[in-house]
Amino acid sequence: MPVRPERSFFEQDATVVAQELIGKMLFRKTASGTASYIITEVEAYMGEEDQASHARFGKTTRNAIMYAGGGHVYVYLIYGMYWMLNIVTGRVNDPQAVLIRGVTGYEGPGKVGRLLSIDKSFYGEDLVKSSRLWLAHSNHQTAFVQTPRVGIDYAGEFWKSKPWRYLMVQPPQNF
DNA sequence: AGCAAGATCGGT
DNA sequence: CCGATCTTGCTG
């Protein structure tokens, strides 16, 4: 029986939630059934001071849900074609989030959005309660490595160099 | 009202 | 390396 993380899990800092998400199950229920995936790659965005974050200019129409507290879903359309799936973390008015960049077999945030049929209707979805998108603890490998975040050249060296991308360590194929 | 840029991806 | 494709946020 999958156990869903509760509110307090999402209320931690994005860097903490991000590493905890590696190896967790992500469930997506549609008309054709419920599919599950293992999260393999994420990135943390740490608040208004983080110059890589969408919250760096303060609250706007697009990022307002980032201020609503941990457990909500923040989705946005990038380049007119890819829906990015983010999980809001931290407390109310502390706009942190974790971008889901990969699940088993699908590397890249655009592919994750497409695979899970994510669209604007998921903006604000509550992962603590949702019946179409939720997380669950698992027994899968949780070892990870860290690297700088991808695609944030606009953020400046200081924030660009933060090792806030987390990748599951691949188990050896042979030995 | 107009415009530049974007937490990407796939094909040259 | 470049185009696709469209929403957002800033400027005027």
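# Contacts, core and salt bridges in a predicted model

Not counting neighbours within four places in sequence, Arg62 is in contact with His54, Tyr74, Tyr76 and Tyr123. The structure is a predicted model. Arg62 sits in the loop between β2 and β3 (73-78). With 41% relative accessibility, Arg62 counts as partly exposed. The C-alpha atoms of Arg62 and Asp13 are 21 Å apart in space, and these two residues are 49 residues apart in sequence.

## Helix α2 and what covers it

Helix α2 spans residues 14-21, and its buried residues are Ala14, Thr15, Val17, Ala18 and Leu21. Why do they lie on the same side of α2? They cover an arc of only 165 degrees around the axis, and this puts them on the same side of the helix. The cover over the buried residues of α2 includes α1 (7-10) and the strands β2 (33-45), β4 (82-89), β5 (96-103), β7 (133-136) and β9 (165-168). Just after α2 comes Gly23, which takes a positive phi of about 90 degrees.

## The nonpolar core

In soluble globular proteins, nonpolar side chains tend to be buried together. The largest nonpolar core in this model has 50 residues. Which of them touch the most other members? They are Leu21, Val42, Leu85, Ile100, Leu116, Leu133 and Leu135. Strand β2 gives the largest share of this core, with 6 residues. Leu21 is also among the buried residues of α2.

Leu85 can serve as an example. Leaving out residues up to four places away in sequence, Leu85 touches Leu26, Val73, Tyr74, Val75, Val98, Leu99, Ile100, Val112, Leu116 and Leu133. Tyr74 is also one of the contacts of Arg62.

Gly110 lies in helix α3, which covers residues 109-115. The C-alpha atoms of Gly110 and Leu85 are separated by 8.6 Å, while the two residues are 25 residues apart along the chain. Is Gly110 buried or exposed? Gly110 counts as buried because its relative accessibility is 13%, and the cut-off for buried is under 20%. Apart from neighbours within four places in sequence, Gly110 is in contact with Tyr82 and Met84.

## Salt bridges

The count comes to 9 salt bridges. The table gives some of them, with the distance between the closest N and O atoms.

| Positive partner | Negative partner | N to O distance |
|---|---|---|
| Arg91 | Glu11 | 3.6 Å |
| Arg165 | Glu41 | 2.9 Å |
| Lys160 | Glu157 | 3.7 Å |

Arg91 and Glu11 form a salt bridge that links distant parts of the chain, 80 residues apart. Arg91 is in the loop between β4 and β5, and Glu11 is in the loop between α1 and α2. Arg91 is exposed, with a relative accessible area of 54%, whereas Glu11 is partly exposed at 27%.

In the salt bridge of Arg165 with Glu41, both residues are buried. Arg165 lies in strand β9 and Glu41 in strand β2, so the pair ties together parts that are 124 residues apart in sequence.

Lys160 and Glu157 also meet in a salt bridge. How many residues apart are they in helix α4? They are 3 residues apart in α4 (residues 157-160), so about one helical turn separates them. Lys160 is partly exposed, with a relative accessible area of 27%, whereas Glu157 is exposed at 59%. Elsewhere, salt bridges that share partners join Glu41, Glu43, Arg101 and Arg165 into one network.

## A surface patch and positive phi values

Tyr79, Met81 and Tyr82 make a nonpolar surface patch of about 400 Å². Tyr82 is in strand β4 and counts as partly exposed, with 33% relative accessibility. Tyr82 is also one of the contacts of Gly110.

Tyr79 is in the loop between β3 and β4. Its relative accessibility is 71%, so Tyr79 counts as exposed. Phi of Tyr79 is near 55 degrees, which is a positive value in a residue other than glycine.

Ser117 is not a glycine either, and has a positive phi of about 50 degrees. Where is Ser117 found? Ser117 is in the loop between α3 and β7. Ser117 is partly exposed, with a relative accessible area of 40%.

Key:
Residues numbered from 1 in each chain as written. Chains lettered and ligands numbered in written order. Predicted model: local features only at pLDDT ≥ 70, side-chain atom pairs only at ≥ 80, totals over all residues. Heavy atoms only, no water. Buried < 20%, exposed > 50% of the residue type's maximum accessible area, 1.4 Å probe, protein only. Helix = DSSP H or I, 4+ residues; strand = E, 2+ residues; numbered from the N terminus. Arc of directions from axis to C-beta. Contact = heavy atoms within 4.5 Å. Patch = residues over 30% accessible without salt bridge, like charges linked within 9 Å, V, L, I, M, F, W, Y side chains within 5 Å. Areas by Shrake-Rupley, 256 points an atom, 1.4 Å probe, with all protein chains shown as cover. Salt bridge = Lys/Arg side-chain N within 4 Å of Asp/Glu carboxyl O. Core = buried A, V, L, I, M, F, W, Y, C linked by side-chain atoms within 4.5 Å.
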